[in-house]
Amino acid sequence: MDIKECERCHSKFEPNVRLGESQRVCGQEVCRAWRIAQGQRQWRQSNPGYYESSEDRHREDYWKDYRRRHPAKTKRNRAQTRERMRRRRAMCATQDSIRRDPVGYLHGLRAGTMFATQDSITRCINGIILYLVAAPGRFATQDSMDGRIKTAG
Ligand SMILES: [Zn+2]
């Protein structure tokens with residue numbers, strides 16, 4: 001390995017085998033620290049505003065300004081949030097209606113899948129629903145639900 005000159009203290013040094021060409025300072029702690037600091041300075045120069053914006057995010061009006069400066073991103077985010085909330089509400093409504101009327105819910109589910117062409121999944125789902133509805137007092141009747149709640153409490 002060729003002898004190199006340290007960029008900071010200008011002493012001659014033999015580069016570390018693993019670092020080779022990329023090593024620009026000698027092994028002294030002070031020179032290595034200088035090189036790291038220099039690298040960080042260069043990085044900050046090529047990424048202007050990075051640390052500033054990280055502080056800015058905690059400023060009171062930051063997000064208000066951000067939304068004003070990025071209307072497209074803001075619009076997209078709002079649409080996504082709306083969709084998320086809609087799905088969450090729909091899921092809660094579904095769970096509510098199952099709890100209120102499990103048999104009615106299953107009948108509705110079956111009616112809903114019936115007008116699509118009957119692929120194997122649809123037939124399978126219909127079979128399961130029929131079984132759950134038909135099995136007397138075992139699965140989806142209000143009595144069995146109440147019974148479970150009583151024995152649980
Ligand atoms: Zn040095």
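The expected span of a helix is 1.5 Å times one less than its number of residues. Helices (H or I, at least four residues) and strands (E, at least two) are DSSP runs, numbered from the N terminus.

**View 1. Helix α1, residues 29-46.** The 18 residues of helix α1 should span 26 Å at 1.5 Å a residue, and because the end C-alpha atoms of α1 are 26 Å apart, the two values agree. Helix α1 is hardly covered, with a count of zero buried residues among its 18. A residue is buried if 20 or more other C-beta atoms, placed from the backbone, lie within 10 Å of its own.

**View 2. Helix α4, residues 71-100.** For the 30 residues of helix α4, the expected span at 1.5 Å a residue is 44 Å; the end C-alpha atoms of α4 lie 43 Å apart, which agrees. Helix α4 is also hardly covered: the count of buried residues among its 30 is zero.

**View 3. The protein chain and its elements.** This is a predicted model, in which local features need pLDDT of at least 70, side-chain atom pairs count only at pLDDT 80 or more, and totals for chains, interfaces and linings use all residues. Residues are numbered from 1 along each chain as its sequence is written. The protein chain holds seven helices and two strands, in the order β-β-α-α-α-α-α-α-α from the N terminus. Of its 153 residues, 3% are buried.

**View 4. Confidence in strand β2 and helix α7.** pLDDT is the predictor's confidence in each residue, from 0 to 100. Among the elements of the protein chain, strand β2 (residues 12-13) has the highest mean pLDDT, 93, and helix α7 (residues 142-152) the lowest, 50. The protein chain averages 78, and 74% of the residues score at least 70.

Definitions and conventions: Buried ≥ 20, exposed ≤ 12 C-beta atoms within 10 Å, placed from the backbone.
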